[in-house]
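Trainee: Could we go through this structure together, step by step, with the reasoning spelled out?

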Amino acid sequence: MHFEFEHMGTSTPFELPEGVHLLGGAAEDAVRLEGLPPGLLTLRIESHRLMVEATRAFTVGGVVVPPGVPRLVLPGEVVGLPESMSLKVLDPDGGAERQVGTVAVLKHLFTDMEEPPASRASALQCLTGADVGRTFALAEASTDIGRGKEVSVRLRDMAVSRRHARIRHHEGAFLLEDLDSPNGVYLNGKRVDAPSPLREGDVIELGRTLLRFQAPLGTPETEPETASTPDEAPAWNETPTAPSSEQIPERPRVRWEWWLIGLGAALALVGLLATCALTA
């Protein structure tokens with residue numbers, strides 16, 4: 001991998017093979033640069049990928065990286081060092097398309113891009129590559145990703161194998177694994193060597209394609225039912241019943257009604273006596 005060290009307007013190119021290299025100002029450092037603390041940077045080069053970790057805070061493209069935190073550095077990015085020094089990663093192979101897309105996504109993933117709509121199903125959102133903008137649902141217990149016709153998530157990326165990676169849904173967790181692809185699978189810039197759990201917003205890299213994992217939306221909790229008090233109205237599903245006849249109190253009779261009853265009884269008695277007299 002090719003680098004360019006710059007200090008006080010002077011650029012010094014150098015090259016490093018794959019492996020782990022220390023960069024600093026000590027004599028035992030693999031790359032000695034005067035004016036730097038000893039063992040400042042640890043450079044891990046693997047398959048043309050560079051992971052940088054430092055004992056002090058540094059910057060990549062102007063973004064501060066805390067000490068002890070590995071950071072994926074891509075061709076064209078500049079690592080800011082103490083004493084106004086900088087280290088630029090060169091790209092002699094001309095992979096400008098991958099560089100621009102990857103850098104743009106990694107830097108502005110959570111700021112410049114709209115969040116995907118919330119969904120009860122998990123999904124993969126394509127951020128770069130030929131399928132940019134597409135969303136793939138993860139509805140099965142096992143989902144294969146690649147460019148072959150037999151996979152569930154098919155990508156139009158020639159750098160992706162026919163069966164490149166797999167996402168398994170097991171006991172509520174989502175696991176990402178590499179299906180022995182030549183180019184490998186990377187999760188948040190780190191190569192996947194064993195099944196790795198996925199979390200909301202994780203970035204998966206396959207070939208020149210970046211996919212963002214969207215976790216399923218949690219099931220909303222049900223509000224507990226509240227019991228109504230005697231002063232409250234009955235619940236919506238309770239139909240008020242009409243009072244039975246036994247519950248209706250008898251209306252008290254007024255006095256004039258008793259006079260009418262007595263008069264009717266007297267007239268009936270007179271009629272009975274008159275009938276008896278005529279028949280005698």
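**Charged pairs, loops and a cavity**

Mentor: Arg163 counts as partly exposed, because its relative accessibility is 35%. Please keep in mind that this is a predicted model.

Trainee: Which residue forms a salt bridge with Arg163, the closest N and O atoms being 3.3 Å apart?

Mentor: Side chains of opposite charge can pair when their charged atoms come close. In this pair Arg163 lies in the loop between S15 and S16, and its partner sits in strand S14 (residues 142-146), 19 residues apart from it. That partner is buried, with a relative accessible area of 14%. The residue is Asp144.

Trainee: How many residues apart in sequence are the parts that Asp144 and Arg166 tie together?

Mentor: The side chains of Asp144 and Arg166 meet in a salt bridge, at 2.6 Å from N to O. Asp144 belongs to strand S14 and Arg166 to strand S16, so the pair ties together parts whose separation in sequence is 22 residues.

Trainee: In the salt bridge of Asp131 with Arg156, is Asp131 buried or exposed?

Mentor: The closest N and O atoms of Asp131 and Arg156 are 2.9 Å apart. Asp131 lies in the loop between strand S12 (123-126) and strand S13 (135-137), while Arg156 lies in the loop between strand S15 (153-154) and S16, so the pair ties together parts that are 25 residues apart in sequence. Arg156 counts as exposed at 56% relative accessibility, whereas Asp131 has a relative accessible area of 1%, and because buried means under 20%, Asp131 is buried.

Trainee: Which residue other than glycine has a positive phi in the loop between strand S16 (165-170) and strand S17 (173-178)?

Mentor: Most residues other than glycine have a negative phi. In this loop, however, one residue has a phi near 55°. With 73% relative accessibility it counts as exposed, and its name is Glu171.

Trainee: Where is Asn188 placed?

Mentor: Phi of Asn188 is also a positive value, near 55°. Asn188 is partly exposed, with a relative accessible area of 46%. Its place is in the loop between strand S18 (186-187) and strand S19 (190-191).

Trainee: Which charged residue takes part in the lining of the second largest cavity?

Mentor: The second largest cavity has a volume of about 30 Å³. The residues of its lining divide into seven nonpolar, no polar and one charged. Among the lining residues are Leu40, Leu41, Phe58 and Pro82, which count as nonpolar, and the charged one is Arg56.

Key
Residues are numbered from 1 along each chain as its sequence is written. This is a predicted model: local features need pLDDT of at least 70, side-chain atom pairs count only at pLDDT 80 or more; totals for chains, interfaces and linings use all residues. Side-chain values use heavy atoms; hydrogens and water are left out. On a 1 Å grid over the protein atoms alone, a cavity is a set of points where a 1.4 Å probe fits but cannot get out, and a pocket is an open set with protein on both sides within 12 Å along at least five of seven lines; lining residues have an atom within 4 Å of a point. Grid points are joined across faces, edges and corners, and a volume is the space filled by probe spheres set on the points. Helices (H or I, at least four residues) and strands (E, at least two) are DSSP runs, numbered from the N terminus. Buried means under 20% relative accessible area, exposed over 50%, partly exposed in between (1.4 Å probe, protein chains only). A salt bridge is a side-chain nitrogen of Lys or Arg within 4 Å of a carboxyl oxygen of Asp or Glu.
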